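Open your viewer and switch to a cartoon view. This tour goes stop by stop, selection by selection.

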Amino acid sequence: MLPTKNGSIRLFKLAGITVFLHWSWFIAGIFLFKRSGTHYSSLFWNFLEYVSLFLIVLMHEFGHSLACRSVGGNSDQIVLWPLGGVAYVDPPQRPGAMLWSIAAGPMVNVMLVPILLGLSILSQSFGWYRSFPDVATLIAKVSQMNIGLLIFNMLPIYPLDGGQIFRSLLWFIVGRARSLFIASICGLIGMVGLIGLLVLMVVVSLIGGEKLDGSIALPFVLGVFVLLICWRGLMEARLLSKIDKLPRRKGFACPSCHTAPPWGAFWVCGNCRSPFDTFETNATCPRCAAYYGEAPCLDCGHRYPIHEWFAAPPMPPKAG
C-alpha cells in the first residue's frame with residue numbers, strides 16, 4: 001500500500017538514511033506540467049516549483065527519521081512519491097517516543113514558515129516582482145505550499161501526522177491498542193465524509209451541466225488511500241488488543257521493549273508455513289525442522305537471537 005524502494009531510484013544517502021524516488025513521481029510531474037498555469041515565463045520555473053515542493057517534503061521526512069533515531073528507534077529509508085513522502089520509522093513502543101518521532105516532521109515546516117515568509121517580504125521590499133518576477137513568484141508559491149502542507153498534515157485524521165499525534169497522546173491515557181483503534185475510527189469517519197463530499201460535488205456539477213476537470217482527482221485518490229490506511233490501522237488495533245490480553249511466558253523478554261512473549265503458536269515457519277511457538281520449540285519448526293536463529297517480537301516488531309531473549313537464566317533440565 002505504501003511505496004517502497006522496490007521500483008524506486010536511489011538518490012543519495014545522508015546521516016545513514018537512504019532516500020529513494022518512486023517511479024510514479026515522474027508520471028505525476030508530467031501530469032502537473034500539462035495542467036500547470038501561467039504563473040511563470042517558462043516551464044523551467046514550474047519544474048523548480050515542483051522540485052521545491054519535494055525538498056520541503058524531504059526535510060519534513062528527515063525530521064521524522066532523525067527524531068526517531070534520537071529516541072533509540074530505527075529509521076534508514078525515505079521514499080518520495082506523488083502523495084508526498086514516507087519515512088520508514090520504527091520508534092520504541094512508548095507513547096513519548098512515538099509522539100516525538102511524529103511531531104518532529106511538522107516542526108520542520110513550522111521552522112520554515114518565518115524563513116520563507118521573510119524571503120517573500122524581502123522580495124516585495126526589493127521590488128523583485130518587477131525586476132525578477134519569476135523568482136519572487138517562486139518564493140511566494142513555496143511559502144504557500146509549506147503552510148498548506150503544515151495545515152494538511154496537522155489535520156487530526158489518522159494516518160496524517162495530526163492523527164498520529166492524537167493517537168500518541170491517547171496512548172498515555174488508554175494504552176497502545178485502544179489509542180490506535182480510536183484514531184483509526186476517527187480517520188475512517190473523516191475520510192468517508194470527505195469522499196462523500198467529493199462525490200456530492202461531482203453529482204451537483206453533472207446535474208448543473210458543468211464540465212469536470214481533473215482537479216478533483218487528487219483529493220479523491222488521497223481520500224481513498226487514507227481510508228485504506230485507516231482500515232489497516234483498525235485491523236492492527238484489533239490484533240494488538242488480542243496480543244495484549246494473551247498470557248505471557250516468564251523467563252523471557254524482548255531486548256527492545258522488555259515485553260515477555262505470549263504463549264501460543266504465533267510464529268509462522270517460512271519453509272512449510274506451519275504456526276509454532278518458537279520459544280517452546282527452541283526456534284525450530286516442529287514440522288519441517290527448519291531452525292530460526294532470531295525471533296521477532298510480536299509487540300514491537302524487532303528481531304533478536306533467541307539467547308538474547310532470556311530475562312533470567314534458563315532452568316536446568318530435570319534429571320532423568
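What is the helix content over residues 142–160? Select that stretch: 63% of the chain there is helix and 0% is strand. Its end C-alpha atoms are 21 Å apart.

Before moving on, some ground rules. This is a predicted model, in which local features need pLDDT of at least 70, side-chain atom pairs need 80 or more, and totals for chains, interfaces and linings use all residues. Numbering runs from 1 along each chain as its sequence is written, and side-chain values use heavy atoms, without hydrogens and water. Helices are DSSP runs (H or I, at least four residues), numbered from the N terminus.

Next, select residues 97–122. Here the chain is 100% helix and 0% strand, with end C-alpha atoms 39 Å apart. Both stretches carry the annotation "transmembrane region" in an unreviewed UniProt entry, which also lists, among others, 12–33 and 39–59. Such annotations may be inferred rather than shown by experiment.

Now go to helix H2, residues 43–70. Its 28 residues should span 40 Å at 1.5 Å a residue (1.5 Å times one less than the residue count). The end C-alpha atoms are 41 Å apart, which agrees. After H2 comes Gly 72, with a positive phi near 90°.

Last stop: show Val 199, Val 203, Ile 207, Phe 220, Val 221, Val 224 and Leu 228 as sticks. They form a nonpolar surface patch with about 590 Å² of accessible area together (Shrake-Rupley, 1.4 Å probe). Patch members have over 30% relative accessible area and no salt bridge, and nonpolar side chains are joined within 5 Å. A salt bridge would put a Lys or Arg side-chain nitrogen within 4 Å of an Asp or Glu carboxyl oxygen. H7 (176–207) and H8 (217–244) each supply at least two residues; H8 gives the largest share, 4. Finish on Ile 207 in H7: at 70% relative accessibility, Ile 207 counts as exposed (over 50%).

Key. Patches are made of residues with over 30% relative accessible area and no salt bridge: like charges are joined within 9 Å, nonpolar side chains (Val, Leu, Ile, Met, Phe, Trp, Tyr) within 5 Å. Buried means under 20% relative accessible area, exposed over 50%, partly exposed in between (1.4 Å probe, protein chains only).
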